[in-house]
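Reader: I'm new to this one. Could you walk me through how to read it, feature by feature?

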Amino acid sequence: MHPPVNRRLFLSAGSSALAGALFAGEDNADDGRTPVVPLGIPVHLEPLAFDFEALEPHLDAATLRLHYAHHSEHQAQFAAALRQVHLVVGNVSTLMAGITTVLEPADPTTSVIQLGKKPGPLPPDIQHAIRMHGGAHVNHTIFWRFLAPRGTGPAGPEGRVAQAIQAEFGSIEAFKSAFTDAALRHFGSGWAWLVYRPDGRLVITTTANEDNPLMKDFVDWRGQGRPILALDLWEHAYYGRYKNDRRAYIAAWWNVVNWSFLSRAYAIVTSGRA
Ligand code: MN
């Protein structure tokens, strides 16, 4: 018999607060009045906030369709792994922080609970599934959130996050250039990130495979923190239109970055909320 499941915890993953953070309000300018809504990663697959065709010609519909299906497969395998060990996860971000050992949750609405178990290490095959499929689920969920059809929002960073980027990198153009260089230099599959670190610094980093900056067990401290921008560097993200030309893909991607969402993400991470 499986232990009884706390239904409230399941529901918290799909809370209206989360949906609100994703879809509510077009006025996302970070002018100090931006609503700071907790922004977790649910276990379920979020619908895209745009049509597959909406990012043409920069990101093509056929690639996007396949890519979203690919994410869906990872999500299903991730959810199956959680079920296998009776893990209930409100916010997958909190699980990323400690894959090798599930700790006693401080906040049961956002943390991880393994039903009927004392805190402790997970079986190696489950750790692997969480790292690979859970990582892929988190990374793609973040990637989609930071995309928007060109012309539907600001053309670059605005407000407080723009100031922070200028302070850290010298200018917006210097930031974009450094991010592009890091993404080009990254060898093989992986991800490029803009990370808000616990020390308040903004850093550009890349991770291999499906690792991400939330994974304290696997990522160097210099690259650990809250991602506030993500770029998929796997060839499956661009091969359909750009073949091996990662540079052309990155140049195209800048045209469909959701800068409103960057302001929102920055407001959330600097508020210290999840
Ligand atoms: Mn991908």
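**One helix and its surroundings**

Author: Let's start with helix α9, residues 246-253, in this predicted model. Its buried residues are R246, Y249, I250, A252 and W253.

Reader: Why do the buried residues of α9 line one face of the helix?

Author: Try looking down the axis of α9: the buried residues fall within an arc of 160 degrees, so one face of the helix is lined by them.

Reader: And what do the buried residues of α9 pack against?

Author: Their partners are α5 (124-145), α7 (172-185), β7 and α8.

Reader: Let's zoom out. How many helices and strands does the protein chain have?

Author: There are 10 helices and 7 strands. The chain runs to 274 residues, and 51% of them count as buried. Looking at contacts between residues at least 6 apart in sequence, 71% join residues at least 24 apart.

Reader: Which residues have the most contacts inside the largest nonpolar core?

Author: Those are I130, L229 and L231, in a core of 71 residues. Take I130 as an example: leaving aside residues up to four places away in sequence, I130 touches F78, L82, L87, L95, M96, I99, L122 and G135.

Reader: There's a metal too. Which residues coordinate the manganese ion?

Author: H67, H140 and H236 each use NE2, while D232 uses OD, at 2.0 to 2.2 Å. Along the chain, the spacing of these donors reads H-x72-H-x91-D-x3-H. H67 and H236 link distant parts of the chain, 169 residues apart: H67 sits in helix α3 (residues 61-84), and H236 is in the loop between β7 (226-232) and α8 (239-242).

Reader: Is H67 buried or exposed?

Author: Buried counts as under 20% relative accessibility. H67 is at 3%, so H67 counts as buried. H236 comes out at 27%, so H236 counts as partly exposed.

Reader: How should I read the parts where pLDDT is low?

Author: The general idea is that where pLDDT is low, you shouldn't read the predicted coordinates in detail. Here, the mean pLDDT of the protein chain is 83, with 78% of its residues reaching 70 or more. Over residues 1-35, though, the pLDDT is below 50, and that stretch has 56 contacts in the model beyond near neighbours in sequence. Residues 104-111 also stay under 50, and the model gives them 18 contacts beyond four places in sequence.

Reader: One last thing: what does the accessible surface come to?

Author: About 12,700 Å² for the protein chain, with 54% of that belonging to carbon and sulfur atoms.

Technical notes: Residues numbered from 1 in each chain as written. Predicted model: local features only at pLDDT ≥ 70, side-chain atom pairs only at ≥ 80, totals over all residues. Heavy atoms only, no water. Helix = DSSP H or I, 4+ residues; strand = E, 2+ residues; numbered from the N terminus. Buried < 20%, exposed > 50% of the residue type's maximum accessible area, 1.4 Å probe, protein only. Contact = heavy atoms within 4.5 Å. Areas by Shrake-Rupley, 256 points an atom, 1.4 Å probe, with all protein chains shown as cover. pLDDT = per-residue confidence, 0-100. Donors = N, O, S within 2.8 Å, 3.2 Å for Na, K, Ca; no water. Core = buried A, V, L, I, M, F, W, Y, C linked by side-chain atoms within 4.5 Å. Arc of directions from axis to C-beta.
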